[in-house]
Amino acid sequence: MDSWASLEHQMKYKHDIKNPELIVKELKRCADELAACDVSMQTIRNLINAEN
């Protein structure tokens, strides 16, 4: 989380960043991957809880 916040801070307040569109695209890709992982983890939790 700290690295994510640090990257967002740099994107927002540093104006000399090259390729900001690419960086935003990569951040979005990472966010999508993390969201998919969260869904998978919730599925695993649901499977474990269903067995009890």
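Okay, let's start in the middle of helix α2: Arg29 and Glu33 sit 4 residues apart there, so about one helical turn separates them. Their side chains meet in a salt bridge, 2.5 Å from N to O. Keep in mind that this is a predicted model.

Now stay on Arg29, since Glu26 also pairs with it, in a salt bridge at 2.8 Å, N to O. Those two are 3 residues apart in α2, so again about one helical turn. Put together, Glu26, Arg29 and Glu33 are linked in a network of salt bridges.

How exposed is that trio? Glu26 has 33% relative accessibility and counts as partly exposed. Arg29 is partly exposed as well, at 39%, and so is Glu33, at 45%.

A search of the whole structure turns up 3 salt bridges, so which one haven't I shown you? That's Lys28 with Asp32, where the closest N and O atoms are 2.7 Å apart. Both lie in α2, 4 residues apart, about one turn of the helix. Lys28 is partly exposed at 47% relative accessibility, and Asp32 is partly exposed at 40%.

Okay, over to the helix packing. Helix α1, residues 2-13, packs against α2, residues 20-51, at about 155°, with the axes 12 Å apart. The two are therefore roughly antiparallel, and α1 passes α2 in a left-handed crossing.

What does α1 bring to the contact? Trp4, Leu7 and Met11. On the α2 side they meet Pro20, Ile23, Val24, Leu27, Cys30, Ala31 and Leu34. By type, the contact residues come out as 10 nonpolar, no polar and no charged.

How values were computed
Residues numbered from 1 in each chain as written. Predicted model: local features only at pLDDT ≥ 70, side-chain atom pairs only at ≥ 80, totals over all residues. Heavy atoms only, no water. Axes fitted to C-alpha atoms, helices over the stretch in contact; angles between N-to-C directions. Parallel < 35°, antiparallel > 145°, perpendicular 65-115°, else oblique. Left-handed = near helix turned anticlockwise from the far one by under 90°. Contact = heavy atoms within 4.5 Å. Nonpolar A, V, L, I, M, F, W, Y, C, P; charged D, E, K, R; others polar. Salt bridge = Lys/Arg side-chain N within 4 Å of Asp/Glu carboxyl O. Buried < 20%, exposed > 50% of the residue type's maximum accessible area, 1.4 Å probe, protein only.
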